[in-house]
Every structure is written in C-alpha cells, then in structure tokens.
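Have a look at the sequence and the model below. We will walk through a sheet, the helices beside it, and the empty spaces.

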Amino acid sequence: MSKICFLYAGQGSQKVGMGADLYEAYPTFKKIIDSIELDFDLKSLMFDGDDATLAKTGYTQPCMSAFAAGVTEVLKENKIQPAGALGLSLGEYGALYAAGVFDLQSYISVTAFRGRAMEEAAKGKSTVMSAVLGLEAGKIEDICKETEGFVEVTNYNCAGQYVICGEEAAVTKAEEKLKEAGAKRCIRLNVTAPFHTKLLKEAGDKLTAYFEKMDFNEPKLSLALNLTGKLYKHGDNLKEIMAAQAQSAIHFEDCVKTMIAEGFDSFIEIGPGNVLSGFVKKTAAALDAKVDILTIQNKEDLEKVINVIR
C-alpha cells in the first residue's frame with residue numbers, strides 16, 4: 001500500500017483564478033474560503049484580482065494558504081489521508097496545518113502575519129535571487145564565500161538546482177564565476193525580497209513574538225523540516241524552528257530524501273503549480289527510487305487524484 005505525503009507549494013506559484021472552479025464544485029472548499037476573515041477580500045483577490053496585487057507577499061501568503069487548506073479538507077473528506085506532509089517555505093505552514101499543528105484560522109492568520117512581516121523586512125533592501133542550474137551545491141557555496149559582498153545559497157531545491165540571493169552586484173559577480181565553473185544557466189527570479197537570508201532577521205523576530213501568543217499542537221504526521229532537512233522529533237521547538245526558517249536556507253532536497261528514506265512513495269502536490277513535483281522527481285531519480293507524483297491545481301486534477309487514490 002502506498003505511503004502518501006502531501007506536498008505544499010511555496011510562494012511564486014500563485015495565480016489569479018486559483019481555486020475558483022473548486023469553489024463552485026466542492027461545498028467543503030467553499031466553506032473554507034467563506035469562513036476566512038481578514039482585512040481584505042480574500043476570495044475576490046484569489047478569483048478576480050490582478051496579478052500584481054496577488055504577487056505582494058502580504059496577500060500571496062494567506063491566499064496560497066486558503067487554497068491549500070481547502071484542497072486538504074476535500075481530500076480528507078474523500079478518505080485520502082497522508083502519513084506525512086512537506087512544504088517549501090510558505091508551504092511548510094501548509095504541512096503543519098495538515099499535521100494538525102494549527103487549526104484553520106490560526107493557519108491563515110499566521111501566514112497573513114508572516115507575509116506582512118517579510119514584506120516590511122524587505123523594504124529598502126536592494127537584493128536579487130538567481131536559480132543556478134547544473135552545478136553541485138558545494139561548489140556554489142564555495143564561490144559565494146569567495147565573492148565580495150553579500151551572497152549566499154538560500155534554497156537547496158534538488159540536484160542541479162540551487163538558488164542564491166544577495167546584493168545585486170555580488171550576485172552578478174557570483175553568476176559570472178558560477179558559469180565559468182560549469183553552471184549551465186543562472187536564471188534571475190521575479191522576487192524582490194531576500195527570502196531565507198539573515199536580511200530577514202526582522203521578520204524572524206516578529207514571528208518569534210507572534211508565536212508566543214499561539215498554541216502549536218504536536219504534529220500527527222511525519223514532517224521533514226525545511227530548516228534541517230530532517231524529521232521533526234517530539235520535543236523539537238517548532239516555534240523556534242519556524243521563526244528561524246524565515247531567515248535561513250531551505251533544505252528541500254534533504255527533506256525529500258528523508259521522506260523517501262522513511263518509505264514515502266506517493267506524493268500529492270497541492271498547488272497551484274507543479275514546481276515541487278519536479279524537485280521530487282529529480283531527487284527520486286538521483287536516489288534511483290520509484291515514486292508516484294500527482295499534482296492538484298484545479299477541479300480536474302482534484303477529481304483525478306480522488307479517483308486514482310480511492
């Protein structure tokens with residue numbers, strides 16, 4: 001029997017219209033969206049807004065979380081229960097929700113707060129992010145260390161794809177050295193904030209204070225943590241871990257390796273988007289592991305998953 005892991009997408013895969021067909025088709029999804037109370041019209045922005053507004057971190061994060069929560073609950077009511085959960089960056093909060101660490105309102109509220117805190121911490125900082133393709137992580141780390149100015153690896157996505165972030169001049173210089181060292185390409189990302197670097201310490205501090213007023217329940221599922229790439233163990237301080245996550249590198253590749261080592265062989269990406277599915281596929285291939293991967297971006301995808309798994 002398959003061992004299922006739910007995958008939760010990170011910021012960047014949002015798009016206007018996400019969830020609109022699910023809202024019409026599934027009463028449970030509709031109930032989730034309608035129950036969310038924020039200081040903006042979440043449903044209107046998700047279904048009928050404009051890309052520029054939705055792309056603002058303070059709006060993106062609760063909208064992505066609402067989509068994730070709705071799909072998660074529809075899957076569960078159709079008897080599709082995961083044994084584990086894993087998310088990338090923002091998506092890690094979706095994994096915590098699936099594991100019962102947060103209830104719905106806490107999940108949406110904390111991601112809305114996190115989005116605003118990260119947006120505010122990024123103000124006035126001139127930084128860029130670049131995806132480096134075709135070079136091993138250790139070589140990228142070495143080149144970042146020897147490059148003048150601030151630049152570091154922020155996302156360990158999968159073999160052959162790692163993300164660097166820093167001051168634009170330093171990133172540009174690092175990109176030149178990386179290409180000389182054999183990188184196939186360096187692709188600038190459409191992101192303005194220095195996500196998962198020490199430059200977001202202000203956001204991490206705000207999250208620490210916010211978490212003090214929250215209850216974190218003990219996870220009911222297996223969780224591989226972005227901060228370490230290892231499984232959550234009873235007694236780990238999730239509040240400290242999640243505050244550090246905003247300002248530290250994401251070890252998604254190690255997370256996937258950990259879950260595969262734990263016997264997970266069926267991954268369901270709860271989007272929108274299918275970026276994580278690609279990372280899982282490449283990581284599994286590097287391990288010579290056989291896994292099934294399904295993605296849910298819309299009603300058609302959800303129906304397919306329900307029919308395949310049930």
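A pocket, on a 1 Å grid over the protein atoms alone, is an open set of points with protein on both sides within 12 Å along at least five of seven lines, and its lining residues have an atom within 4 Å of a point. Keep in mind that this is a predicted model.

Start with a pocket, then. The second largest pocket holds about 160 Å³ of space. Its lining includes M1, S2, K3 and I4. K79, I80, Q81, P82 and A83 line this pocket too. S266, V308 and I309 complete the list. By class, the lining of the second largest pocket has seven nonpolar, three polar and two charged residues.

Now turn to the largest pocket. Its space comes to about 930 Å³. There are 40 residues in the lining, and Q11, G12, L189, V191 and F195 lie nearest the centre. Six elements are worth finding here: α5, α7 (104-122), β3, β4, β5 and α13 each give two or more residues to this lining. Which of them gives the most? Helix α7 does, with four residues. The lining of the largest pocket divides into 19 nonpolar, 16 polar and five charged residues.

Several of those names belong to a sheet. Strands of a sheet pair through backbone hydrogen bonds, either parallel or antiparallel. In this model, four strands form an open sheet, in the order β4-β5-β3-β6. The pairing is antiparallel. The edge strands are β4 (151-158) and β6 (185-188), and each pairs on one side only. From one strand to the next, the twist averages 25°.

Look closer at one pair. Strand β3 covers residues 127-133 and pairs with β6 over four bridges, in the antiparallel sense. Find L133, then look across to β6: the bridge partner there is R185.

Helices meet this sheet as well. Helix α9 (residues 168-180) packs on the sheet. It touches β3, β4, β5 (161-167) and β6. The direction of α9 makes about 145° with that of β5. Helix α13 (residues 275-286) lies across β4 and β5. Its course runs at about 75° to β4.

Zoom in on one residue of the sheet. Q161 sits in strand β5. Is Q161 buried or exposed? Its relative accessible area is 17%, and buried means under 20%, so Q161 counts as buried. What does Q161 touch, leaving aside its neighbours within four places in sequence? The contacts are V132, L133, N155, Y156, F279 and K282. L133 is also the residue whose bridge partner is R185. Now compare sequence with space. Q161 and E146 are 15 residues apart in sequence, and their C-alpha atoms are 20 Å apart in space.

Next, pick a residue in a helix. E202 has its place in helix α10 (residues 201-211). Its relative accessible area is 38%. This lies between the 20% cut-off for buried and the 50% cut-off for exposed, so E202 is partly exposed. Leaving aside neighbours within four places in sequence, E202 is in contact with E120 and A121. A longer step leads to A224. E202 and A224 are 22 residues apart along the chain, and 25 Å separates their C-alpha atoms.

Finally, look for closed spaces. Rolling a probe the size of a water molecule over the atoms shows where empty space is left. How many cavities of 30 Å³ or more are there? The count comes to two.

The largest cavity has a volume of about 60 Å³. Among its lining residues are Y8, A9, L90, Y107 and I270. Helices α5 (57-77) and α6 (91-98) each supply at least two residues of this lining. Helix α5 gives the most, with three residues. Seven residues of the lining are nonpolar, four are polar and none is charged.

The second largest cavity has a volume of about 30 Å³. A85, L86, G87, E92, A95, L96, L223, A224 and L225 line this cavity. Strand β2 (84-87) and helix α6 are the elements that give two or more residues to the lining. Here the classes are seven nonpolar, one polar and one charged. You have met A224 before, as the residue whose C-alpha atom is 25 Å from that of E202.

Conventions
Residues numbered from 1 in each chain as written. Predicted model: local features only at pLDDT ≥ 70, side-chain atom pairs only at ≥ 80, totals over all residues. Heavy atoms only, no water. Pairing = 2+ DSSP bridges. Axes fitted to C-alpha atoms, helices over the stretch in contact; angles between N-to-C directions. Contact = heavy atoms within 4.5 Å. 1 Å grid on protein atoms, 1.4 Å probe; cavity = no way out; pocket = protein on both sides within 12 Å on 5 of 7 lines; lining within 4 Å. Points joined across faces, edges and corners; volume = space filled by probe spheres on them. Nonpolar A, V, L, I, M, F, W, Y, C, P; charged D, E, K, R; others polar. Buried < 20%, exposed > 50% of the residue type's maximum accessible area, 1.4 Å probe, protein only.
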